[in-house]
Protein chains: 2
Amino acid sequence: MQDPNVRPESMKRITTEELARAFIEEQVASIRAQVGKGKVLLALSGGVDSSVCAALISKAIGSRLCCVHVNHGLLRKGEPEQVCRVFGEQFDVNLIYVDAVDRFLDALAGVSDPERKRKIIGGIFIEVFAEEARKLKGIKFLGQGTIYPDILESKDGIKAHHNVGGLPEELNFELVEPVKLLYKDEVRVVGRALGLPEGMVERQPFPGPGLGVRCVGAITRDRLEAVRESDAILREEFAAAGLQGKVWQYFTIVPDFKSTGIKDGKRTFDWPVVIRAINTTDAIKVTIEEIPYELLYKIRDRILAEVKGVNRVLYDLTPKPVGTIEWE
Amino acid sequence: MQDPNVRPESMKRITTEELARAFIEEQVASIRAQVGKGKVLLALSGGVDSSVCAALISKAIGSRLCCVHVNHGLLRKGEPEQVCRVFGEQFDVNLIYVDAVDRFLDALAGVSDPERKRKIIGGIFIEVFAEEARKLKGIKFLGQGTIYPDILESKDGIKAHHNVGGLPEELNFELVEPVKLLYKDEVRVVGRALGLPEGMVERQPFPGPGLGVRCVGAITRDRLEAVRESDAILREEFAAAGLQGKVWQYFTIVPDFKSTGIKDGKRTFDWPVVIRAINTTDAIKVTIEEIPYELLYKIRDRILAEVKGVNRVLYDLTPKPVGTIEWE
């Protein structure tokens with residue numbers, strides 16, 4: 001018998017809308033067969049995988065899909081709004097939006113150790129999600145946007161992959177994982193065929209703890225805001241310059257460090273914003289994007305003019321290895 | 001009568017070796033007339049102004065010029081050695097080399113406030129210099145590399161200019177300032193005519209507190225070493241690329257801040273080196289040098305390979321105003 005966690009050799013790479021439509025039909029039938037009249041719970045992060053998974057399940061069972069979007073305050077500018085717009089209006093799902101910003105940021109206050117930050121973020125996420133799950137009695141299924149590389153990596157022992165790992169055992173969910181045999185590029189093709197907006201389908205890889213790892217050291221609300229605003233400017237200017245979708249990943253970092261500057265004739269003592277823009281095929285070897293100086297100036301000038309608490313802009317020239325993609 | 005602190009309108013701009021030689025002859029006569037059989041004391045920093053001043057006075061009175069070179073541990077790589085080589089061998093002066101590295105660095109340990117750092121460095125410098133002055137009894141004159149812009153700035157009330165300000169009053173020196181009517185470019189022409197090495201004559205502007213302001217925050221010996229070594233690499237590569245003397249000022253900064261990296265498969269937690277390379281005509285408006293990526297990569301790769309405790313290289317894109325040239 002075919003192992004359900006092994007991609008059959010006969011399975012064609014999904015590269016066209018036609019192939020995507022065939023895959024969608026097949027999965028809709030399969031989800032209906034699995035779930036019957038049941039309900040599915042899904043943690044919607046705003047990432048490509050969970051969004052495509054939600055759109056697929058919603059197509060199969062409509063509002064018997066219950067999506068929980070936890071806003072932990074570490075999302076990019078406009079992302080919670082986009083998730084609510086797409087899944088609250090465009091798709092027929094039962095969407096629960098949880099504003100947990102204060103809960104996360106209060107717990108993170110004063111915590112500078114990267115590992116502890118990650119654990120706190122992951123831990124509270126599970127808490128909040130489990131609280132919502134308990135409220136919604138009678139849900140047997142948990143939808144997850146597991147994709148094929150996740151499965152391959154867990155087999156290799158590289159990492160245990162749980163999109164929502166660590167849920168209390170009492171909840172005892174049966175998993176629904178409609179995209180678990182797809183590669184990332186196929187997930188995107190399927191997402192487009194499902195009518196998800198381009199910005200969501202082409203979303204860059206984004207770390208689980210969100211902007212939290214780019215607000216290096218102990219997170220404060222004002223510095224987090226500087227990360228979010230500068231990141232939005234960088235994304236806007238990269239899109240305007242035609243670099244969106246061409247450069248693998250780009251974002252900004254605001255380290256917990258200040259230096260002297262001058263504004264309107266007065267001394268300032270503010271943070272630097274670091275621009276990171278990298279290319280890679282495997283995320284193991286990474287080179288930097290050679291951003292033209294003209295574009296760097298445009299981004300720099302906007303950041304210095306629009307972002308509060310910032311008086312310098314730096315470009316990170318570091319390749320991986322030696323540096324890592326993220327700063328912590 | 002002509003005010004000795006006003007450049008006469010009849011004075012020609014010194015742009016040629018011939019004009020420089022005439023100026024040198026005139027000053028040699030003037031120094032001899034002022035000093036007679038007396039001795040002159042001079043604090044030799046290794047900068048253009050004090051070096052040219054020392055060379056001029058030495059030409060006039062030989063080893064009756066006593067130069068004190070205080071090594072405060074904040075000089076660039078190779079600078080104390082160059083000062084000793086040039087003034088200990090090439091010129092006939094009485095050179096006193098004071099190794100005060102521990103005294104400075106011990107006093108600076110744990111001090112992160114920029115203003116306090118500057119005050120400590122300035123204060124100890126005066127202490128050390130005054131101690132040497134007291135040992136050398138019978139010196140009536142103090143040589144100083146004051147130049148014309150210094151005089152103009154003190155007149156404008158912008159800053160009180162003392163090359164060795166704050167010396168105890170009991171020492172009661174009479175000043176010898178042979179280049180006080182010269183502009184910087186003229187000082188360089190005169191320095192060349194006196195036979196000073198090109199590296200000394202074309203030395204970039206260097207802050208009084210030396211590398212101390214580029215080892216941002218509380219200075220530690222290991223981070224200071226990272227500043228010195230990365231600065232030396234930057235200068236070497238700029239020279240090899242033909243940028244020395246073309247770019248107004250370039251140096252490196254190592255902030256007191258660490259981030260995650262990877263080396264030989266292991267996690268590292270090290271400092272970033274920031275490259276600063278700027279152009280200006282007046283030091284008030286500053287633009288950055290558009291270093292080609294190829295050269296940036298070369299400098300970056302050498303820094304990451306050769307400098308201990310460093311895992312990132314950043315390029316500072318900040319203009320002035322908004323940023324300042326130095327980071328503190």
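**Exercise 1. Which residues in α1(A) are buried?**

Solution. The model is predicted. Buried is taken as under 20% relative accessible area.

Step 1. Applying that cut-off along α1(A) picks out A:Ala20, A:Phe23, A:Ile24, A:Gln27, A:Val28, A:Ile31 and A:Val35.

Step 2. Viewed down the axis of α1(A), the buried residues fall within an arc of 140°, so they line one face of the helix. The general background is that an α-helix has 3.6 residues a turn, so residues three or four places apart point the same way.

Step 3. The other side of α1(A) carries exposed residues: A:Glu18, A:Glu25, A:Glu26 and A:Ala33.

Step 4. The cover over the buried residues of α1(A) includes, from chain A, the strands β1 (40-43), β4 (141-143) and β5 (174-176), along with the helices α2 (48-61) and α7 (184-193).

**Exercise 2. Compare the span of helix α1 of chain A with the expected value.**

Solution.

Step 1. Helix α1 of chain A covers residues 17-35, which is 19 residues.

Step 2. At 1.5 Å a residue, these should span 27 Å.

Step 3. The end C-alpha atoms are 26 Å apart, which agrees.

Step 4. Just after α1(A) comes A:Gly36, with a positive phi of about 60°.

**Exercise 3. Work out what relation links chain B to chain A.**

Solution.

Step 1. A turn of 180° with a shift of 0.0 Å along the axis lays chain B on chain A, with an RMSD of 0.0 Å.

Step 2. This is the relation of a two-fold axis.

Step 3. Within chain B, B:Tyr315 has the C-alpha nearest the axis, 2.6 Å from it.

Step 4. Both copies use the same surface: 100% of the contact residues of chain B recur in chain A.

Definitions and conventions. Residues numbered from 1 in each chain as written. Chains lettered and ligands numbered in written order. Predicted model: local features only at pLDDT ≥ 70, side-chain atom pairs only at ≥ 80, totals over all residues. Heavy atoms only, no water. Helix = DSSP H or I, 4+ residues; strand = E, 2+ residues; numbered from the N terminus. Expected span 1.5 Å × (residues − 1). Buried < 20%, exposed > 50% of the residue type's maximum accessible area, 1.4 Å probe, protein only. Arc of directions from axis to C-beta. Contact = heavy atoms within 4.5 Å. Least-squares fit on C-alpha atoms with pLDDT ≥ 70 in both.
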